[in-house]
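I opened this entry to look up which side chains pack together and how the strands are arranged. I begin with the aromatic rings and work from there towards the cores and the sheets.

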Amino acid sequence: GRLFTCGRCQNGQLGLGSFADEAAPVYVSKIPDKVNQVACGQAHTVTLTMKGEVYVMGANTSGQLGTGPPSKGSPIPILLEELSFSRMVQIRAGSFSAALSTDHQLFVWGRGIFGEFYTPHRVKSVNKLDILDF
């Protein structure tokens, strides 16, 4: 449940509070709960805790952190409060980010084919979606 990161960190995606590269793994101490999943995106990192909370760190040039309009981002993990109303069970990251809740609702944010969402948006459909995995 402990997260260690290493590698390039020009956007703060390692979550260590700096933009310095790390050649060896370093413990990420700013996430207060045990980590269940990690997804590495395009210059950002998304983590899911055992409590179902989502933390984000790194670049936010396209809203991929889900914390609001594009910005430099954050070199420390930020709780994504927009998703705190429900427990998340899966996360993914790429040029955008996504999370799946316990009630099978899919949320996406960042740059996507249909535009940019700066905060998490639930995927809506005319049909009831019961997403179990993505």
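**Entry 1, aromatic pairs.** I searched for ring pairs and found that the structure holds two of them; I keep in mind throughout that this is a predicted model. For phenylalanine 4 and tyrosine 27, I read a distance of 5.5 Å between the ring centres and an angle of 50 degrees between the planes, so I noted the pair as tilted. I then looked up where the partners lie and found phenylalanine 4 in strand β1 (residues 4–7) and tyrosine 27 in strand β2 (residues 22–27), which makes this a link between distant parts of the chain, 23 residues apart.

I also checked how open this pair is: phenylalanine 4 counts as partly exposed at 41% relative accessibility, and tyrosine 27 is partly exposed too, with a relative accessible area of 36%.

The other pair I noted is that of phenylalanine 85 and phenylalanine 107, which is edge-to-face, with 5.7 Å from centre to centre and 70 degrees between the planes. Phenylalanine 85 lies in the loop between β6 (71–79) and β7, whereas phenylalanine 107 is in strand β9, so the pair ties together parts that are 22 residues apart in sequence. Here I recorded opposite burial classes, because phenylalanine 85 has 59% relative accessibility and counts as exposed, while phenylalanine 107 has 7% and counts as buried.

**Entry 2, charges over rings.** Returning to tyrosine 27, I found the charged end of arginine 2 over its ring, 5.5 Å from the centre. I also noted lysine 72, whose charged end sits over the ring of phenylalanine 19 at 4.6 Å from the ring centre.

**Entry 3, nonpolar cores.** Which residues touch the most other members of the largest nonpolar core? I found that they are Val54, Leu83, Met88 and Ile91, in a core of 13 residues. The elements that contribute two or more residues to this core are β4 (44–49), β5 (54–60), β7 (88–93) and β9 (106–112). A second, separate core has six residues, among them Leu3, Ile31, Val35 and Tyr55.

I followed methionine 88 further and, setting aside neighbours within four places in sequence, listed its contacts as Leu48, Gly52, Val54, Leu83, Ala99, Leu100, Ser101 and Phe107.

**Entry 4, the sheet with β4.** I traced an open sheet of four strands in the order β3-β4-β5-β6, with antiparallel pairing. Since β3 (35–40) and β6 stand at the edges with a single partner strand each, one side of each is left without a neighbour in the sheet. Neighbouring strands in this sheet are turned against each other by 15 degrees on average, with direction ignored. Between β4 and β5 I noted five bridges in the antiparallel sense, and threonine 45 has methionine 57 in β5 as its bridge partner.

Is histidine 44, which lies in strand β4, buried or exposed? I read a relative accessible area of 1%, so I entered histidine 44 as buried. Not counting residues up to four places away in sequence, its contacts include Gln13, Met57, Gln64, Leu65 and Phe96.

**Entry 5, the sheet with β9.** I traced a further open sheet of four strands, ordered β7-β8-β9-β10 with antiparallel pairing. Its edge strands are β7 and β10 (115–122), each of which pairs on one side only. The average turn between neighbouring strands of this sheet is 10 degrees, direction ignored. I noted that β9 and β10 pair in the antiparallel sense over five bridges, and that phenylalanine 107, already entered above as buried, stands opposite arginine 122 in β10.

How values were computed:
Residues numbered from 1 in each chain as written. Predicted model: local features only at pLDDT ≥ 70, side-chain atom pairs only at ≥ 80, totals over all residues. Heavy atoms only, no water. Core = buried A, V, L, I, M, F, W, Y, C linked by side-chain atoms within 4.5 Å. Buried < 20%, exposed > 50% of the residue type's maximum accessible area, 1.4 Å probe, protein only. Contact = heavy atoms within 4.5 Å. Phe/Tyr/Trp six-rings, centres within 6.5 Å; stacked < 30°, edge-to-face > 60°. Lys NZ or Arg CZ within 6 Å of the ring centre and 35° of its normal. Pairing = 2+ DSSP bridges. Axes fitted to C-alpha atoms, helices over the stretch in contact; angles between N-to-C directions.
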